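Student: I have not worked with this structure before, and I would like to go through it slowly. Could we take it one question at a time?

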Amino acid sequence: MESNTTKQALLILSELDNDDLNWIAKESRRENLETNQTLIYKGRRINYLYLVLGGTLSVFLDRKELAKLGKGEVVGEISFIDNRPPTATVKAIEKSQILSISHLKIEEKLQRDEGFASRFYHGLLLCLSDRIRGTIGRLGHGIKIEESERELEEPNEILAERLELAEAKFNWLANYAGQGLSI
């Protein structure tokens with residue numbers, strides 16, 4: 001599967017159904033970030049989960065770049081899970097567009113919709129396990145960010161078909177979120 005969309009967000013979207021996507025599209029909002037605009041500050045609580053629709057963000061710990069995040073990447077998922085302030089700063093390194101959804105809205109949906117909760121958390125776990133594998137690979141082998149990103153673009157054979165459908169879901173969200181349309 002050729003794609004400009006990174007795999008982590010696709011792992012989450014691969015688990016969600018059309019009703020879930022319609023809910024996200026309805027409850028989220030689009031935001032534009034200018035070059036060098038900070039989205040997340042290390043140590044400051046965040047109240048949103050973000051999906052990068054376009055552009056490039058960079059994750060910094062102090063002045064050291066830890067990762068680059070592009071189209072389709074999820075941002076703020078760790079703080080959503082543990083309800084603690086972020087341990088890194090995230091800023092746009094070029095003009096970017098994001099989709100943001102309130103932690104409060106997600107929590108309410110998780111409480112009242114067990115099916116969504118199961119699908120959402122399973123997707124989030126797939127995303128985090130993939131990210132941890134990539135990080136361990138980089139740390140264990142001294143691989144640079146760009147090299148590990150190429151390696152992570154190779155989908156697991158079992159997930160390849162689901163990721164193709166998830167990419168269609170991402171494209172639908174990127175085009176129609178916040179416009180009141182349904183799948």
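## Rings, sheets and helices

Tutor: Let us begin with the aromatic side chains of this predicted model, where ring pairs link Trp23, Phe80, Phe116, Phe120 and Tyr121 into a cluster.

Student: How many aromatic pairs does the structure hold?

Tutor: Two rings are counted as a pair if their centres lie within 6.5 Å. Counted in that way, the aromatic pairs of the structure number six.

Student: Is the pair formed by the rings of Tyr48 and Tyr50 stacked, edge-to-face or tilted, and why?

Tutor: Planes under 30 degrees apart would count as stacked and planes over 60 as edge-to-face. The ring centres of Tyr48 and Tyr50 are 6.2 Å apart and their planes stand at 35°, so this pair is tilted.

Student: Which pair has its ring centres 5.9 Å apart, and what kind of pair is this?

Tutor: The two residues sit four apart in helix α7, which covers residues 160-176, and they are therefore separated by about one helical turn. Their planes stand at 45°, so the pair, made by Trp172 and Tyr176, is tilted.

Student: Does Trp172 count as buried or exposed?

Tutor: A residue counts as buried if its relative accessible area is under 20%. Its partner Tyr176, with 33%, is partly exposed. Trp172 has a relative accessibility of 14%, and because this value falls under the cut-off, Trp172 counts as buried.

Student: And Tyr50, is that residue buried or exposed?

Tutor: Tyr48, with a relative accessibility of 26%, counts as partly exposed. Tyr50 has a relative accessible area of 8%, so this residue is buried.

Student: Which strands are at the edges of the sheet that contains β8?

Tutor: This is an open sheet of four strands, paired in the antiparallel sense, and its order is β1-β8-β3-β6. An edge strand here pairs on one side only, and this holds for β1 (29-33) and β6 (74-75).

Student: Which residue of β8 is the bridge partner of Tyr48?

Tutor: Strand β3, residues 48-54, runs antiparallel to strand β8, residues 96-102, and six bridges join the two. In β8, the partner of Tyr48 is Ser102.

Student: Which helix packs on this sheet, touching β3 and β8?

Tutor: The helix in question covers residues 103-112, and its direction makes about 50° with that of β8. The helix that packs there is α4.

Student: What is the average twist from one strand to the next in the sheet that has the order β2-β7-β4-β5?

Tutor: This is an open sheet of four strands with antiparallel pairing, and its edge strands are β2 (38-40) and β5 (64-69). From one strand to the next, the twist averages 30°.

Student: Which residue of β5 stands opposite Val59?

Tutor: Strand β4, which covers residues 57-61, pairs with β5 in the antiparallel sense over five bridges. Opposite Val59, in β5, stands Ala67.

Student: Which residue lies over the face of Tyr41?

Tutor: A charge sits over a ring only if, among other conditions, it is within 6 Å of the ring centre. Lys91 lies over the face of Phe60, at 5.9 Å from the ring centre. Over the face of Tyr41, at 4.0 Å from the ring centre, lies Arg44.

Student: What percentage of the residues of the chain count as buried?

Tutor: The chain contains seven helices and eight strands. Of its 183 residues, the share that counts as buried is 46%.

Technical notes
Residues are numbered from 1 along each chain as its sequence is written. This is a predicted model: local features need pLDDT of at least 70, side-chain atom pairs count only at pLDDT 80 or more; totals for chains, interfaces and linings use all residues. Side-chain values use heavy atoms; hydrogens and water are left out. Two strands pair if DSSP finds at least two bridges between them. Contact means heavy atoms within 4.5 Å. Axes are lines fitted to C-alpha atoms, for helices over the stretch in contact, and angles run from 0 to 180 degrees between N-to-C directions. Buried means under 20% relative accessible area, exposed over 50%, partly exposed in between (1.4 Å probe, protein chains only). A charge sits over a ring if NZ of Lys or CZ of Arg is within 6 Å of the ring centre and within 35 degrees of the ring normal.
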